[in-house]
Amino acid sequence: MAQKYIGFAGTYTRESSEGIYRFVLDAEAGKLEAAEVAAKVGSPTYLAISEDKRQLYSVAQQDGLGGVHAYEIVSDSGELHYVNEKLEEGAPPCHLDIQNGVLVTGNYHKGTVDLFQAHRPSALALKGTVQHEGNGPHERQEKPHVHYTAQTPDGRYVIVADLGTDELVTYKIEGQALVKVATLHVESGSGPRHLAFHPDGKTAYLMTELSSEVIVLDYDADQGSFTEKQKIKAIPSDFNETNDASAIHITSDGKFVYTGNRGHNSIAVFQVDEETKELTLIEITSTGGNWPRDFVLDPSESFIVASNQKSGNLVLFARDQKTGKLTQLDSVVDVPEVVCVKFLG
């Protein structure tokens, strides 16, 4: 294993951060190389890379406007070349996803979902917007808070997790519009945040931010609908302080699910049952920093990089591919106000 992988980190730019950072993982040495600014942009908190690895899209904010920036990627060096932007009045989105030339974004503050055509960055064009309605019992659920928007692996639907309304909503793209086809109402006050599909395409794992649980879901691809089959906590039962669960990711072999905890400052490791696809908690590991907003599996899946927002660092972990367990390595790189991490490889 003598490969180096290029990664990108999205950040807030409220303090000292300048935008999107580029870093390198030396997989042979098991080390992260120092990060550098790849693109200067206001609060690019979430990033998405196209399937062909030639385009990167970021959340963007400037002068009271919020939206998306589009970049071309120089594949051998990971340099970003600014191409286009779509900005409008108000808060920027918090999540975005690109697949098959379709970009979808979710806006936490507005409670909206935006649909863009994005076959190439220069052709980025807004097609349609959906406004969510409703609320929930928690103090943070005073209105809709869309937190996740992504297409299903087969590209048939767009799935939206709304933290404010405790809903997982399925849309179908019809022309310029998103048409609702199914809604799953999860337990009130749980706060759905992010979703990860199992490689089998029949199971999905929903991370709830407010209740710090993973909900295991059966997925009906014909109807675009979900059914709950298991709920499992992602923090210790005796942890009584505030915890805001963050990211959820699954290995490409479908054997392990990982989730982030802000407050407990940890990554929970779950093993996936081969038959039922239900989860068993294996361990909970400190992220070596404060407020892990996200983390990412490297392309070889031998490592995980955790992004700790409040301590402003990326921390490297070795991953045992047989047991799923994590071991923190002596490799930490400073990235101010870091939120999201993505690998190019």
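Reader: What makes a side chain count as positive or negative in this protein chain, and how many are there of each?

Author: In this predicted model, the protein chain carries 30 positive and 49 negative side chains. Lys and Arg count as positive, whereas Asp and Glu count as negative. The centres of the two sets lie 2 Å apart.

Reader: Why is the protein chain called as compact as a globular protein of that length?

Author: The secondary structure comes to zero helices and 28 strands. The radius of gyration of the protein chain is 19 Å, and the globule rule gives 20 Å for 345 residues; the two values are close, so the chain is as compact as a globular protein of that length. Along the principal axes, the C-alpha atoms fill a box of roughly 50 × 45 × 35 Å. Buried residues make up 59% of the 345 residues.

Reader: Why is Thr-129 called partly exposed?

Author: Thr-129 has a relative accessible area of 47%. Buried means under 20% and exposed means over 50%, with partly exposed in between; Thr-129 is therefore partly exposed.

Reader: Where is Thr-129 placed, and which residues does Thr-129 touch, not counting those up to four places away in sequence?

Author: Thr-129 belongs to strand 11, which covers residues 125-131. With that exclusion, Thr-129 touches Thr-112, Val-113 and Asp-114.

Reader: What makes the pairing of the side chains of Thr-129 and Asp-114 a polar contact?

Author: The two side chains make their contact at 2.6 Å. The cut-off for a pair of N or O atoms is within 3.5 Å, so the distance of 2.6 Å meets that limit.

How values were computed. Residues are numbered from 1 along each chain as its sequence is written. This is a predicted model: local features need pLDDT of at least 70, side-chain atom pairs count only at pLDDT 80 or more; totals for chains, interfaces and linings use all residues. Side-chain values use heavy atoms; hydrogens and water are left out. Helices (H or I, at least four residues) and strands (E, at least two) are DSSP runs, numbered from the N terminus. Buried means under 20% relative accessible area, exposed over 50%, partly exposed in between (1.4 Å probe, protein chains only). Contact means heavy atoms within 4.5 Å. A polar contact is a pair of N or O atoms within 3.5 Å; within protein, one must be able to donate a hydrogen and the other to accept it, and residues adjacent in sequence count only if both atoms are side-chain atoms. The radius of gyration is taken over C-alpha atoms; the globule rule is 2.2 Å times the number of residues to the power 0.38. The place of a charge is taken as NZ of Lys, CZ of Arg, CG of Asp or CD of Glu.
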